[in-house]
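This report goes through one protein model part by part. Please keep the sequence and the structure in view while reading.

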Amino acid sequence: MVRFSGKRISQRKGMTAFTLYFNEVASSADKHIIMLLAIASRRFEVQRVLQPHESSIIYVLGFLHSSKAVVYQIDPRTGEVVAQKSMVVPGGFSGVILSVSSDKVVVLDSTRSILVTINFLDGDISFHKTPVSDLVEDSGNAEILSPRLSNMLAVKVNKRTIFVRVGGEGKLEVVDSLSDETAISDSLPVADDQVAFASVHHEGSKIHLMVKLVDDLDTVLLRESIEMDQHRGRVDKVFINNYIKTDRSNGFRALIMMEDHSLLLLQQGAIVWSREERLASVTDVTTAELPVEKDGVSVAKVEHTLVDWLKGHMLKLKGSLLLASPEDVAAIQEMRMKSSGRSTLTRDHNGFRKLFIALTRAGKLFALYTGDGRIVWSMLLNSPSKSEACERPSGISLYQWQVPHHHAMDENPSVLVVGRCGSDSSAPGVLSFVDVYTGKEISSSDIGHSVVRVMPLPFTDSTEQRLHLIADTEGHVHLYPKTSEALRIFQRDFQNVYWYTVEGDDGIIRGHGMKSSCAGETADEYCFTTKELWTVVFPSESEKIISTLIRKPNEVLNIGF
């Protein structure tokens, strides 16, 4: 008997080729290639290659012209296509194909309103269509979630997550419903041939973890609540494994990934450890000057209570009398580090100590101190997330917004974070303004137009806010901040503002300039049209634009002659 053990799929121009690997049970366990099957079709896209239990037939499922599901039955010994069956779905399919068992897969149509179940049973192939409206009243667009559950799938619809059980003939039945903010794990085999899964949702300052049986959702194997920092955002993903306790019952550990890309291990109602993986996805960074000291007191307001002062002196006394415990010694060393000049959050004479403000892909901001490398503060830009029009924004870039000098030291510097409500470049943008010293979000707004490029201008207003131009996909640019003073400053140098755009795939660089104010009912006085001034085209046969870089306008240069 020959069993399927893996696949390798490669797309080629004009055809789709895939190689199947097999193990022969009676022979050695070494994998070897026994078949190369090439389906000569320009539009066929392989989605799944599977083999049901106790079956000698391999099924290859794919899409043809994006609107036709085709299933090939293949004899693994000869590579011969035994049978072929197809089904046409008007408009095509949406999302991924989810395997709910070894002989069933489920996929959504392009309208995201019909669930298509494909069965592979006893060498036969059957298609079964179920409108989402038959499962949920007043249903909107549905989305199949990625967790793999045994004979069940999770579907997000109407801001809820519903669990749908897949019957023997592909019939679907709703068996449970949870909050939209719930993260679900893959199913996990436990004792006595039972299969369990975990669900985690955030509620206030706590996250609630539950482990249930897939076949009996009323049976709860674990229910825990853990205090959680709200600045980590929502629970994005969850993974579980089980272990046997001393009383021979099942225990569970849960590894969760938060919205800010941090990892946490949960066990027995507590956080065992956490890792700040979010710093691995930094997309932009800028620097900020530290406050100066006046008469030995930092401009940055740092409050030391009497309790902290007394605690510090008690620890020092215990250390001098050799009565300090290892925890006390660690606390004393930390106090000495904080009191040293390197850890003081004030400007040094040479200007080497600074704050690095880093923006991650998840929309998390960090302030890193160059004196000792520690994280001064961090925050998740979740204010735009609360807007219904912008469910989950992503950070794009970071800019210095306000840099007060000595005559305006009462104001803390701030940064501008530019985000986008979606992955597409035409998605509307969001702006967030954050205090550099405290990490508090000053304000945020949905700007109502797309963001293609952000251009800091060499002009500031009376409060030392830097003027910025934001270009959209319509060929317009928008001035920020939207104040009469900023508009008056910008109009003085209206004809002297230039910029360029790069079309890397086509090898073209274009220069642009200002033209006039925007026209139309939706346009305001801070919107302007542009004109193309020059074009440079690189020969595609011999040259390719890999990347471009310009000097930042706030970068200090010292050119000697």
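## A nonpolar surface patch

Leu279, Val282, Val285, Phe356 and Ile375 make a nonpolar patch of about 350 Å² on the surface. The model is a predicted one.

Val285, one of the patch residues, sits in strand β25, which covers residues 282–289. Val285 counts as partly exposed because its relative accessibility is 36%, and the partly exposed class runs from 20% to 50%.

## Strands β25, β28 and β29

Strand β28 covers residues 354–360 and is mostly covered, with five of its seven residues buried. Strands β25 and β28 run antiparallel and are joined by seven bridges. One of the pairings places Thr286 opposite Ile357 of β28 as its bridge partner.

Strand β28 is also joined to β29 (residues 364–369), through five bridges and again in an antiparallel arrangement. Phe356, which belongs to the nonpolar patch, has Leu368 in β29 as its bridge partner. Three residues lie between β28 and β29, and the two strands form a hairpin. Gly363, in the turn, has a positive phi of about 85°.

## A salt bridge between β25 and β28

How many salt bridges does the structure hold? There are seven. Side chains of opposite charge can pair when their charged atoms come close.

In one salt bridge, the side chains of Glu289 and Lys354 meet at 2.5 Å, N to O. Glu289 is in strand β25 and Lys354 in strand β28, so this pair, 65 residues apart, links distant parts of the chain. Glu289 has a relative accessible area of 34% and is therefore partly exposed. Lys354 counts as partly exposed too, at 21% relative accessibility.

## A salt bridge between two loops

The side chains of Glu259 and Arg234 meet in another salt bridge, at 3.4 Å, N to O. Glu259 lies in the loop between β22 and β23 (263–267), and Arg234 in the loop between β20 (220–227) and β21 (235–244), so the pair ties together parts that are 25 residues apart in sequence.

Are the two residues of this pair buried or exposed? Glu259 is buried, because its relative accessible area is 12%, and the limit for buried is under 20%. Arg234 counts as buried as well, at 15% relative accessibility.

## Gly251 in strand β22

Gly251 lies in strand β22, residues 250–258. Its relative accessibility is 2%, so Gly251 counts as buried. Leaving aside residues up to four places away in sequence, Gly251 touches Asn241, Asn242, Tyr243 and Lys245. Gly251 and Asn241 are 10 residues apart in sequence, and their C-alpha atoms are 8.5 Å apart in space.

## A network of salt bridges

Glu532 and Arg510 form a salt bridge in which the closest N and O atoms are 3.3 Å apart. Glu532 is in strand β40 (residues 527–537) and Arg510 in strand β39 (residues 508–517), so the pair ties together parts that are 22 residues apart in sequence. Glu532 counts as partly exposed because its relative accessibility is 44%. Glu503, Arg510 and Glu532 are linked in a network of salt bridges.

## Confidence in the model

The protein chain has an average pLDDT of 78, and 81% of the residues score at least 70. Over residues 1–19 the pLDDT is below 50, and this stretch has 65 contacts in the model beyond near neighbours in sequence. Residues 295–304 also have a pLDDT below 50, with 10 contacts beyond near neighbours in sequence. Where pLDDT is low, the predicted coordinates should not be read in detail.

Definitions and conventions. Residues numbered from 1 in each chain as written. Predicted model: local features only at pLDDT ≥ 70, side-chain atom pairs only at ≥ 80, totals over all residues. Heavy atoms only, no water. Patch = residues over 30% accessible without salt bridge, like charges linked within 9 Å, V, L, I, M, F, W, Y side chains within 5 Å. Areas by Shrake-Rupley, 256 points an atom, 1.4 Å probe, with all protein chains shown as cover. Salt bridge = Lys/Arg side-chain N within 4 Å of Asp/Glu carboxyl O. Helix = DSSP H or I, 4+ residues; strand = E, 2+ residues; numbered from the N terminus. Buried < 20%, exposed > 50% of the residue type's maximum accessible area, 1.4 Å probe, protein only. Pairing = 2+ DSSP bridges. Contact = heavy atoms within 4.5 Å. pLDDT = per-residue confidence, 0-100.
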